[in-house]
Amino acid sequence: MVAVDMNLCPIWSPLLGFAGAATALIMSCAGSAYGTGKAALGISTVGVAKPEIVMKNIIPVVMAGVLGIYGLIIAVIISSGIIAPNAGAPNQYSLYTAFAQFAAGITCGLSGVSAGVAIGIAGDAGVRATAQQPKMYVGMVLILIFAEALGLYGLIIGLILSSAESTECLKAAPAVAA
């Protein structure tokens, strides 16, 4: 005979997994949008005076766009690991797994926002500095790489967290004394 411990596998535990997936995607895309918009503002401002350097300085926009992809990757991994409850069968998606996947989404999402803000600000200032002094281009790219690394760290930790799972939903029922 098998008993279900409802404290380990409540019926609402998939909610946490889906919240993690949504958080990863929404926050990473918000960071990506901010970084893209802020860097594009600098590119547009500089492009009026020096249109020949616009394509060269598009790197901050591309790097900010990658942050949304990080969130998409984590969201797909999390959502593919969520087990739907079956009618009449015990829930197989543990609370431990749900919290791990929620933490993965939060980690990737907040890292994406942080990286987006850093890329946007550094990209805007870097593009404007490159327009005045072309030797600043390499420095701008290096700063942008370090800003992008913040999002990559979140992706890596999110992957590690999303792989944590527990299968302790089903436990042997205690013997009933007769």
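Let me begin with V127, which lies in helix α3 of this predicted model. At 1% relative accessibility, V127 counts as buried, because that value falls under the 20% cut-off. If we set aside residues up to four places away in sequence, V127 touches G42, I43, V46, N57, P60 and M140. For a sense of distance along the molecule, V127 and I156 are separated by 29 residues in sequence and by 29 Å in space, C-alpha to C-alpha.

From that one residue I would like to step back to the chain. The protein chain contains four helices and two strands, and along the sequence these elements follow the pattern β-α-α-α-α-β. The radius of gyration is 22 Å, well over the 16 Å that the globule rule gives for 178 residues, so the protein chain is more spread out than a compact globule. Taken along the principal axes, the C-alpha atoms fill a box of roughly 90 × 25 × 15 Å.

How much of the chain is buried? Of its 178 residues, 40% count as buried. The accessible surface comes to about 9,400 Å², and 74% of that surface belongs to carbon and sulfur atoms. As for charge, the protein chain carries 6 positive and 6 negative side chains, with the centres of the two sets lying 21 Å apart. If we take the contacts with a sequence separation of 6 or more, 87% of them are between residues 24 or more positions apart.

Now to the interior. In soluble globular proteins, nonpolar side chains tend to be buried together. In this model, the largest nonpolar core has 32 residues, and those with the most contacts inside it are I74, I78, I119, M140 and L144. Which helices supply at least two residues of this core each? They are α1, spanning 13–49, α2, spanning 59–81, α3, spanning 95–132, and α4, spanning 136–162. Helix α3 gives the most to this core, with nine residues.

One of those core residues, I74, shows which parts of the sequence come together around it: leaving aside its neighbours within four places in sequence, I74 is in contact with A24, A104, G105, C108, L155, G158 and L159.

Next comes A75, which lies in helix α2. With a relative accessibility of 9%, A75 counts as buried, and, not counting residues up to four places away in sequence, A75 touches A21 and L25. A75 and G158 are 83 residues apart in sequence, whereas their C-alpha atoms are 9.8 Å apart in space.

What about S162, in helix α4: is this serine buried or exposed? S162 counts as buried, at 9% relative accessibility. Once its neighbours within four places in sequence are left aside, S162 is in contact with I77, I78, A100, Q101 and A104. Two of these names have already come up, since I78 is among the residues with the most contacts inside the core and A104 is among the contacts of I74.

I will finish with L15, in helix α1. L15 is exposed, because its relative accessible area of 58% is over the 50% cut-off. L15 and M63 are 48 residues apart in sequence and 32 Å apart in space, again from C-alpha to C-alpha. So we end with a leucine that is exposed, at 58%, having started from a valine that is buried, at 1%.

Conventions. Residues are numbered from 1 along each chain as its sequence is written. This is a predicted model: local features need pLDDT of at least 70, side-chain atom pairs count only at pLDDT 80 or more; totals for chains, interfaces and linings use all residues. Side-chain values use heavy atoms; hydrogens and water are left out. A nonpolar core is a set of buried Ala, Val, Leu, Ile, Met, Phe, Trp, Tyr and Cys residues joined through side-chain atoms within 4.5 Å. Buried means under 20% relative accessible area, exposed over 50%, partly exposed in between (1.4 Å probe, protein chains only). Contact means heavy atoms within 4.5 Å. The radius of gyration is taken over C-alpha atoms; the globule rule is 2.2 Å times the number of residues to the power 0.38. Accessible areas come from the Shrake-Rupley method with a 1.4 Å probe; for residues, only the protein chains shown count as cover. Lys and Arg count as positive and Asp and Glu as negative; His and the chain ends are not counted. The place of a charge is taken as NZ of Lys, CZ of Arg, CG of Asp or CD of Glu.
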